[in-house]
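Student: I'm new to this structure and would like a close look at one part of it. Could you pick a buried spot, start from a single residue there, and work outwards?

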Amino acid sequence: MLTTVVTTSKSRMRMEGATVSTDAAVREIDGVRLPRAGDWVIDPAHTSIEAVARHMVITKVRGRFEEFSGTIHIDEEPTRSWAEIAIKAASINTNAPDRDAHLRSPDFLNADEYPELTFRSTKLSHRGGDRYEVVGDLTIRGVTRPVTLDVESGGVATDPFGQTKVLFSASTMLERESWGMNWNQALEAGGVLVSKSLDIEIEVQAVLQN
């Protein structure tokens with residue numbers, strides 16, 4: 001049987017380039033420290049969602065989405081926790097306007113017809129320590145496929161404005177053709193212009209809703 005103890009932990013977290021000391025209410029369940037139950041809304045100003053692809057086989061190109069919203073619900077029973085997020089497809093930014101326009105086109109995200117990418121978790125598993133596995137449904141271009149995220153908890157902290165925040169890092173790899181993004185060009189030296197696989201890297205701060 002799970003037993004829950006509410007404790008106060010003193011931790012030192014790295015936020016906004018400065019070390020912040022905070023007292024944060026957390027729970028301990030069978031020796032695992034967890035944020036307290038509640039809804040935590042993603043803070044877009046301190047969250048990054050990035051995709052990394054190989055260009056011409058060897059070079060990494062990094063793109064980030066600049067408009068998104070989402071909620072992390074942490075349940076009293078941790079395995080019933082869930083997360084959901086909606087991302088504006090047209091907000092992709094690789095710091096190259098022509099490339100960004102191509103990524104928004106029907107060759108890739110088809111942002112005019114499918115303006116949002118969505119993710120909704122369906123299963124949470126504890127992998128030991130601060131590590132978790134989150135399975136969920138990712139919808140791109142109207143196509144929904146299951147994905148698995150490797151998630152690491154960064155704990156709970158209070159920012160300089162008094163907001164209680166939970167911190168997470170997550171990563172996965174996607175095969176873009178599974179969502180109908182098939183465009184490519186062959187290279188004379190072999191290989192293709194854009195890799196079929198994408199590395200997804202996510203850093204999240206979410207604010208506790210009182």
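Tutor: Let's start at Glu50. Leaving aside its neighbours within four places in sequence, Glu50 is in contact with Arg62, Gly63, Arg64, Asp199, Ile200 and Glu201. Keep in mind that this is a predicted model. Glu50 itself belongs to strand β5, which covers residues 48-55. One of those contacts involves side chains on both ends: the Glu50 side chain makes a polar contact with the side chain of Arg62, at 2.9 Å. Is Glu50 buried or exposed? Its relative accessible area is 18%, and buried means under 20%, so Glu50 counts as buried.

Now follow the contacts with Asp199, Ile200 and Glu201. They take us into strand β14, which spans residues 197-208. That strand matters for the next stop, the largest nonpolar core, which has 40 residues. β14 gives the most to this core, with 6 residues. In general, nonpolar side chains tend to be buried together in soluble globular proteins.

Which residues have the most contacts inside the core? They are Trp40 and Leu109. Take Trp40 to begin with. It sits in strand β4 (residues 38-42), where the side chains alternate. Gly38, Trp40 and Ile42 point to one face and are buried, while Asp39 and Val41 point to the other face and are not. On either strand partner you'll find an antiparallel match: β4 pairs with β7 (residues 68-74) over 4 bridges, and with β14 over 3 bridges. To find these pairings on screen, look for Val41 opposite Thr71 in β7, and for Ile42 opposite Ala206 in β14.

Leu109 is the other residue to look at. Setting aside neighbours within four places in sequence, its contacts include Phe65, Ala89, Ile92, Leu103, Tyr114, Leu117, Ile140 and Met181. Two arginines are in contact with Leu109 as well, Arg104 and Arg141.

Arg141 deserves a pause. You'll find Arg141 in the loop between β11 (131-140) and β12 (143-158). Its phi is near 55°, a positive value in a residue other than glycine. Most residues other than glycine have a negative phi. Arg141 has a relative accessibility of 17%, so it counts as buried.

Right after Leu109 in the numbering comes Asn110, in the loop between α1 (97-104) and β10 (116-128). Asn110 also has a positive phi, of about 50°, although it is not a glycine. With 10% relative accessibility, Asn110 counts as buried too.

Stepping back, the protein chain comes to 1 helix and 14 strands. Of its 210 residues, 42% count as buried. Among contacts between residues at least 6 apart in sequence, 54% join residues at least 24 apart.

Finally, a word on confidence. The chain averages a pLDDT of 82, and 78% of the residues score at least 70. Among the elements, strand β8 (residues 82-88) has the highest mean pLDDT, 98, and strand β1 (residues 4-15) the lowest, 34. Over residues 1-24 the pLDDT is below 50, though this stretch still has 56 contacts in the model beyond near neighbours in sequence.

Notes:
Residues are numbered from 1 along each chain as its sequence is written. This is a predicted model: local features need pLDDT of at least 70, side-chain atom pairs count only at pLDDT 80 or more; totals for chains, interfaces and linings use all residues. Side-chain values use heavy atoms; hydrogens and water are left out. A nonpolar core is a set of buried Ala, Val, Leu, Ile, Met, Phe, Trp, Tyr and Cys residues joined through side-chain atoms within 4.5 Å. Buried means under 20% relative accessible area, exposed over 50%, partly exposed in between (1.4 Å probe, protein chains only). Helices (H or I, at least four residues) and strands (E, at least two) are DSSP runs, numbered from the N terminus. Contact means heavy atoms within 4.5 Å. Two strands pair if DSSP finds at least two bridges between them. A polar contact is a pair of N or O atoms within 3.5 Å; within protein, one must be able to donate a hydrogen and the other to accept it, and residues adjacent in sequence count only if both atoms are side-chain atoms. pLDDT is the predictor's confidence in each residue, from 0 to 100.
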